[in-house]
Structure formats: structure tokens, C-alpha cells
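Welcome! Here are a few short exercises to work through, each followed by a solution in steps.

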Amino acid sequence: MKVSNKEFGYQIRELRQQKGFSISQTALQAGVSQPYLSQVENARRSIPKPSTLEKIAHGLRVDKSVIFQMAGIVDNIPNELPISSTPSTVSIPIYGRISAGYPEGAKEDIEGNVKIDDELIERYGKDNLIGLRVNGESMNKVVPNGAVAILAKVDTCEITNGDICGVIIDGDAATLKHVYQYPDRIRFEPDSWLKEEFKPFEYSKEDIDNGQPPVQIIGKLVQQTSKF
């Protein structure tokens, strides 16, 4: 089945929006550049090769067969049942509000529940996922104010430089930031349209090792939901 660039891009954008992902977050999770993914969605690029389609599937947290079908590729679809489109019935509590501005502290009152994709449950386990409400604009290019951030606890996932993580600073402060860990320091970077208001900040490894301030990475962002 021949699929046009425009039709494919439209389907990718629709799926991303249904998932509640920003284009920045999807590109980050897929390991492709944001401009490239934007060009695909807007039909300014040809349909990607299978290896890139697999990356996009990973970024959108779906089986690769879903994206292959959108691209009109049938030979590479595995001979197995597709992942069910039935919404997951597994929920986790949403804890308070996590600041996406400068660290302010997380209120650990449960304000509701959020349904989790089956794939995340299978990959990390329900007890290793944390739901936290975002309150702030310093990550608004990727995670909008009011969204629910789903974090996988650090002992269940690999964290690489540039990942978005939930971080506790000084024991009671919570924030979402891109995290970069170097031999001599750790750096936290915002990702906001308000560039003048939110600046990167960092601490030396020596200070952190001495607890000045204590820094705890509590989990990596693996999914977000639209605000509700």
C-alpha cells in the first residue's frame, strides 16, 4: 500500500497528540532531532527508513508494527497479534505537584490517579512508576504546566545525559530538568520558551558528595499525560 508523505506525517502527529507528547519529548525519546521529526510530521521529509521508523515507534511508546503500518510497510510486520488498543486499566496515584520552575518542594498528598500504558507497566513494573503533577513553566517546551509526569525510578532505568529527570534538592524540593552528569559536576537545564526567566544551574561533584546541597535523582521521565 502506497502511503504519501503527507498522510504518514499526519498520522504520526495525530498519534503523538493522542499520547499527550510534545514534539520535543517525542524526538528526545526517539533519539532523533526535533527539526527532523517536525519535518516528517509536516511532510517536508520522505517516509523514514525502517531503522528510523523503529526509533519513532520507541519515541511514541508503541510497537514498531504500528508505525510500519502507517508507513505502508507490511513485509516487516511481525507475524503476531498487534498490541491491544484497549486503554490500560492500571492506574498509579498522582502525588502533589512537582515544580518545573526553580525547586520549591513536592507536596506528597495524592490528588488523583492516572492510567498507565501497559508497555510501561511491563517494562518497569507498577511499583517503580511515580506520577507527579507539573507546576511551572521552565520545561514548557517539553512538559507543559499542569501535565502529569510519569517517572521511572532510577534503579529501573538507565539515565544518560540530556534525559529529563525528577530531582529532589535539599531534601524537600522537587524539579523537572534535563540532567547532565560529568566527572566534576552535575548540571540541570530548563527547556522553556521563557529563556530569560529560567537559566541552567549546576553543582560541583565535591559539594554534592559532601551533601552541600544533597541532590537525589528520583526518576527519569518516561511518559506524560495532558493536563486534566
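**Exercise 1: A salt-bridge network**

Arg 187 is partly exposed, at 23% relative accessibility. Keep in mind that the model is predicted.

Task: Find which residues pair with Arg 187 in salt bridges, and place them in their network.

Solution:
- Step 1. Glu 189 forms a salt bridge with Arg 187, with 2.7 Å between the closest N and O atoms.
- Step 2. Glu 202 also meets Arg 187 in a salt bridge, at 2.9 Å from N to O. This pair links distant parts of the chain, 15 residues apart: Arg 187 is in strand 7 and Glu 202 in strand 8.
- Step 3. A network of salt bridges links Asp 184, Arg 185, Arg 187, Glu 189 and Glu 202.

**Exercise 2: Burial of a partner**

Task: Decide whether Glu 202 is buried, partly exposed or exposed.

Solution:
- Step 1. The relative accessible area of Glu 202 is 36%.
- Step 2. Buried means under 20% and exposed means over 50%, so Glu 202 counts as partly exposed.

**Exercise 3: Two packed helices**

Task: Describe how helix 2 (residues 23-30) packs with helix 4 (residues 50-59).

Solution:
- Step 1. The angle between them is about 125°, and their axes are 7 Å apart.
- Step 2. Because of that angle, helix 2 is oblique to helix 4.
- Step 3. The crossing of helix 2 past helix 4 is right-handed.
- Step 4. Thr 26, Gln 29 and Ala 30 of helix 2 make the contact with Lys 55, Ile 56, His 58 and Gly 59 of helix 4.
- Step 5. Sorted by type, these contact residues are two nonpolar, four polar and one charged.

Note on methods. Residues numbered from 1 in each chain as written. Predicted model: local features only at pLDDT ≥ 70, side-chain atom pairs only at ≥ 80, totals over all residues. Heavy atoms only, no water. Axes fitted to C-alpha atoms, helices over the stretch in contact; angles between N-to-C directions. Helix = DSSP H or I, 4+ residues; strand = E, 2+ residues; numbered from the N terminus. Parallel < 35°, antiparallel > 145°, perpendicular 65-115°, else oblique. Left-handed = near helix turned anticlockwise from the far one by under 90°. Contact = heavy atoms within 4.5 Å. Nonpolar A, V, L, I, M, F, W, Y, C, P; charged D, E, K, R; others polar. Salt bridge = Lys/Arg side-chain N within 4 Å of Asp/Glu carboxyl O. Buried < 20%, exposed > 50% of the residue type's maximum accessible area, 1.4 Å probe, protein only.
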